[in-house]
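Student: I would like a close look at just one part, please. Could you pick a topic and follow it through in one connected answer?

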Amino acid sequence: MAVSVRIPTPLRKFTDGKGEVEASGNTVTEVVDNLEANFPGIKEKLCDESGKLRKFLNIYLNDEDIRFMDSLDTELRDGDSLALIPAIAGGRF
Amino acid sequence: MNFVKGLKCKECGERYEASLRFYCDECFGPVELKFDLAGAVEALGRGSVDVFSSLSLLPEGFKAGSTPLVRAERLGKRLGIQNLYLKDEGASMLSHSFKDRVVASALGMAKSLGIKTIAAASTGNLANALAVQAVDAGMDAVIFVPEGTDYGKIAQAVASGCRIFEVAGNYDDANRLCSEVQEALGWAVVNGNLKPYYLEGAKSLLFEIMALMEDMPPSAIVAPMGGGGLMRMLKKGLDELKAMGMLKEETALYGAQAAGCSPIVSAVKAGTEDISPVKPDTAIGAIAIGDPPDGAYAARAIMESGGKAEAVLDADAMEMLEFLREDEGISTGGAGAVALAAAASFVKSGDIAGDTPVVVILTDGQSKAAREQARPGNVSKIEANLAAFRAIWEENT
């Protein structure tokens with residue numbers, strides 16, 4: 001599955017400054033691995049040592065938080081859009 | 001005087017200069033301001049009004065804040081709390097909520113950066129607070145509210161003429177859109193990239209309580225929780241008072257949420273800081289935040305201070321509104337009512353001793369939602385035409 005991934009500013013140093021990149025994978029986990037293959041070093045910023053998504057980073061699939069779906073196991077379709085958004089940006093006081 | 005030392009990541013400790021930065025580049029954890037507390041005390045005097053204003057980033061001549069701390073004897077008796085005090089933020093003179101404080105601290109930084117357009121996502125109170133102060137500061141405000149927001153609740157924002165976007169979905173959706181606009185257009189957002197400054201204003205609420213109760217510090221402070229930022233900053237304020245040698249006794253922090261949206265309460269009850277987001281299902285819009293950005297820190301604040309958290313039914317909160325009006329003549333919004341209902345429950349369960357001083361924070365004035373829940377019999381809804389008026393008038397005379 002080919003999907004687009006929106007990259008937050010601090011991670012653009014891994015993506016040659018690009019705010020959106022293409023990636024492939026059947027699940028979010030596979031997309032993360034694909035990103036790592038193309039942009040070495042990025043996975044460590046997304047996931048902790050145990051492979052879990054970092055506490056302060058959220059991933060949205062077509063505007064829905066993947067925690068309301070199957071988290072990193074969420075399945076993807078061709079043309080889906082993923083957005084990596086720092087958690088602290090996604091809430092209110 | 002400014003005693004800001006800079007920003008520090010709450011998670012990994014990375015340090016940054018004070019700027020439009022709100023999360024850490026290394027781990028995405030939130031950054032928060034660090035102050036030169038000893039320098040502030042030395043220059044402004046321990047416990048002085050000036051030191052509290054400076055540490056809350058409130059500008060000179062700040063019109064709001066200094067809200068009443070009301071001894072609520074009759075309500076206290078009804079709820080079994082002998083020394084009940086209400087911090088009535090509904091009396092805040094600019095927009096009738098504690099958001100006056102946080103907007104003031106955020107705008108101070110925005111002004112120093114020469115920002116002209118300033119945005120926020122809001123369930124209502126923040127919209128009004130920002131609109132009012134942005135006019136004063138000569139800035140253009142842009143506000144994102146969730147679909148179905150009562151326009152009466154954002155009357156000041158509407159009257160200010162600022163741009164308001166009603167976003168399909170709930171608050172979390174409006175806020176996410178706002179944060180994406182911030183990222184894409186480089187806007188300043190009070191509860192986004194200005195958040196480290198925005199949050200600090202909330203400490204002034206705590207400082208006022210502790211200064212007024214210097215001789216009888218509260219054993220418990222009960223506050224409503226939406227995004228968790230207020231609770232987080234109550235703890236930061238307590239920690240700073242302690243560091244300045246101004247805390248004689250421990251004050252425990254107690255958090256309250258509506259049962260239909262209580263991810264922070266659930267975490268505290270499970271003894272964890274891990275927040276599982278929920279889809280809000282409560283009529284109390286001000287705290288209907290399913291994915292609280294400061295939830296983990298709010299949970300930590302409560303647990304570290306020795307407090308507890310409780311979720312209450314909307315109906316129980318609405319009953320509290322009536323008690324509050326009957327006993328004390330005070331009207332508040334649904335969030336404050338949730339805190340009151342939780343306070344009653346903490347005393348009932350023995351988590352708070354009924355004979356110690358307890359402060360409940362009423363975060364805003366009476367909300368439209370609350371009025372709709374308890375519409376008095378002598379108020380009629382009416383279409384704006386003579387025929388509708390006549391029909392009601394003739395029916396009742």
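**Salt bridges in chain B**

Tutor: The rule for salt bridges gives a count of 29 over all chains, a salt bridge being a side-chain nitrogen of Lys or Arg within 4 Å of a carboxyl oxygen of Asp or Glu. The model is a predicted one, in which local features need pLDDT of at least 70 and side-chain atom pairs count only at pLDDT 80 or more, while totals for chains, interfaces and linings use all residues. Residues are numbered from 1 along each chain as its sequence is written, chains are lettered from A and ligands numbered from 1 in the order in which they are written, and side-chain values use heavy atoms, with hydrogens and water left out.

Let us look closely at Lys235(B). This residue forms a salt bridge with Asp239(B), where the closest N and O atoms are 2.8 Å apart. Both residues belong to helix H10 of chain B and stand 4 residues apart, about one turn of the helix; helices (H or I, at least four residues) and strands (E, at least two) are DSSP runs, numbered from the N terminus. An α-helix has 3.6 residues a turn, so residues three or four places apart point the same way.

The side chain of Lys235(B) also meets that of Glu304(B) in a salt bridge, at 3.5 Å from N to O. This pair links distant parts of the chain, since Lys235(B) is in helix H10 and Glu304(B) is in helix H12 (residues 295-305) of chain B, 69 residues apart.

Accessibility sets the three residues apart: Lys235(B) is buried, with a relative accessible area of 14%, Asp239(B) is partly exposed at 39%, and Glu304(B) is exposed at 55%. Here buried means under 20% relative accessible area, exposed means over 50%, and partly exposed lies in between (1.4 Å probe, protein chains only).

For another example in chain B, Asp136(B) and Lys63(B) meet through their side chains in a salt bridge of 3.1 Å, N to O. Asp136(B) lies in helix H5 and Lys63(B) in the loop between H2 and strand S4 (69-71), so the pair ties together parts that are 73 residues apart in sequence. Asp136(B) counts as exposed, at 57% relative accessibility, and Lys63(B) as partly exposed, at 47%.

Finally, the rule finds 4 salt bridges across the interface of chain A and chain B, one of them between Lys55(A) and Glu273(B), with the closest N and O atoms 3.9 Å apart.
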